[in-house]
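User: I would like to go through a protein model step by step. Please keep the answers short.

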Amino acid sequence: MPINPQPNKKELARIVTALKSPATRRQILTIIGQEGENWFKKSFRDEGFTDTTLVKWQPSKRLTALPAEGKKAKKRTALQNRPTLTQSGDLGDSITWENAGQFGVKFASDLDYAKVQNEGGRAGRKLAARIPKRQFMGKSELLNLKIMQTIRTQV
């Protein structure tokens with residue numbers, strides 16, 4: 001059943017009243033944080049980011065740089081079977097959330113290279129490498145709908 005993203009006046013009044021309670025506010029912020037963290041980590045399984053639709057990432061150059069035959073062919077096959085941006089799994093694992101004031105949630109990664117992977121840009125020695133945008137975190141309409149559905153059923 002499709003979710004109406006816009007709460008009606010009665011539902012909105014109920015949510016506003018619920019936000020006055022510190023316990024309920026913490027519950028809502030926890031829902032937002034957990035749903036968001038799960039959504040952003042899902043980007044690594046999907047190999048792309050979903051706002052309204054899934055936008056797949058550009059494949060890594062490591063797959064095209066290795067020869068199809070010879071000694072390095074086995075390494076190429078192993079790399080081809082690994083999803084993009086998951087060499088160690090550290091980037092996906094680094095996504096966390098925390099409360100940002102009374103009414104907000106902040107998502108972050110503590111890895112130095114997270115921003116350039118998410119937004120694209122230059123990296124490496126003398127910023128010689130051009131990294132394509134492989135967004136895994138950001139605004140998502142479908143995430144907002146999922147959060148609203150969870151809040152509606154749990155609060």
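The questions and answers below go from the overall fold to single residues.

Analyst: A note before we start: this is a predicted model, so local features need pLDDT of at least 70, side-chain atom pairs count only at pLDDT 80 or more, and totals for chains, interfaces and linings use all residues. Residues are numbered from 1 along each chain as its sequence is written, and side-chain values use heavy atoms, with hydrogens and water left out.

User: How many helices and strands does the protein have?

Analyst: Helices (H or I, at least four residues) and strands (E, at least two) are DSSP runs, numbered from the N terminus. Read from that end, the order of elements is α-α-β-β-α-α-α-β-β-α-β-β-α. The count is 7 helices and 6 strands.

User: What share of the residues of the protein counts as buried?

Analyst: Buried means under 20% relative accessible area, exposed means over 50%, and partly exposed lies in between (1.4 Å probe, protein chains only). The protein has 155 residues. The buried share of them is 36%.

User: What span does α2 reach from its first C-alpha to its last?

Analyst: The expected span of a helix is 1.5 Å times one less than its number of residues. Helix α2 has 25 residues, and 36 Å is expected. From first C-alpha to last, α2 comes close to that value, at 36 Å.

User: Which residue just after α2 takes a positive phi?

Analyst: Helix α2 covers residues 22-46. Just after α2 comes a residue with a positive phi of about 55°. That residue is E47.

User: How many salt bridges does the structure hold?

Analyst: A salt bridge is a side-chain nitrogen of Lys or Arg within 4 Å of a carboxyl oxygen of Asp or Glu. One of them joins E35 and K146, with closest N and O atoms 3.6 Å apart. In total, the structure holds 3.

User: Which helices are linked by the pair E35 and K146?

Analyst: This pair links distant parts of the chain, 111 residues apart. E35 sits in one helix and K146 in another, the latter covering residues 141-154. The two helices are α2 and α7.

User: Why does E35 count as buried?

Analyst: K146, its partner, is partly exposed because its relative accessibility is 35%. E35 falls under the 20% limit. So E35 counts as buried, at a relative accessibility of 16%.

User: What is the N to O distance in the salt bridge of K41 and E37?

Analyst: Both residues lie in helix α2, 4 residues apart, about one turn of the helix. K41 is partly exposed at 24% relative accessible area, while E37 is buried at 18%. Their side chains meet, N to O, at 3.0 Å.

User: Which residue does D46 meet in a salt bridge?

Analyst: D46 is buried, with 19% relative accessible area. Its partner is partly exposed at 31%. The two are 4 residues apart in helix α2, so about one helical turn separates them. At 2.6 Å, N to O, D46 meets K42.

User: How much space lies in the largest pocket?

Analyst: On a 1 Å grid over the protein atoms alone, a pocket is an open set of points where a 1.4 Å probe fits, with protein on both sides within 12 Å along at least five of seven lines. Grid points are joined across faces, edges and corners, and a volume is the space filled by probe spheres set on the points. For the largest pocket, this gives about 460 Å³.

User: Which element gives the largest share of the lining of the largest pocket?

Analyst: Lining residues have an atom within 4 Å of a point. There are 20 of them, and I32, N144, I147, M148 and I151 lie nearest the centre. Elements giving two or more residues are α1 (9-19), α2 and α7. The largest share, 6 residues, comes from α7.

User: How many lining residues of the largest pocket are nonpolar?

Analyst: Ala, Val, Leu, Ile, Met, Phe, Trp, Tyr, Cys and Pro count as nonpolar; Asp, Glu, Lys and Arg are charged; the others, Gly among them, are polar. The lining has 3 polar residues and 1 charged. The nonpolar residues number 16.

User: Which residue in β4 stands opposite T96?

Analyst: Two strands pair if DSSP finds at least two bridges between them. Here 4 bridges join β3 (residues 96-99) to β4 (residues 105-108), and the strands run antiparallel. T96 is found in β3, and its C-alpha is 5.5 Å from that of a residue 12 positions along the chain. Opposite T96 stands A108.
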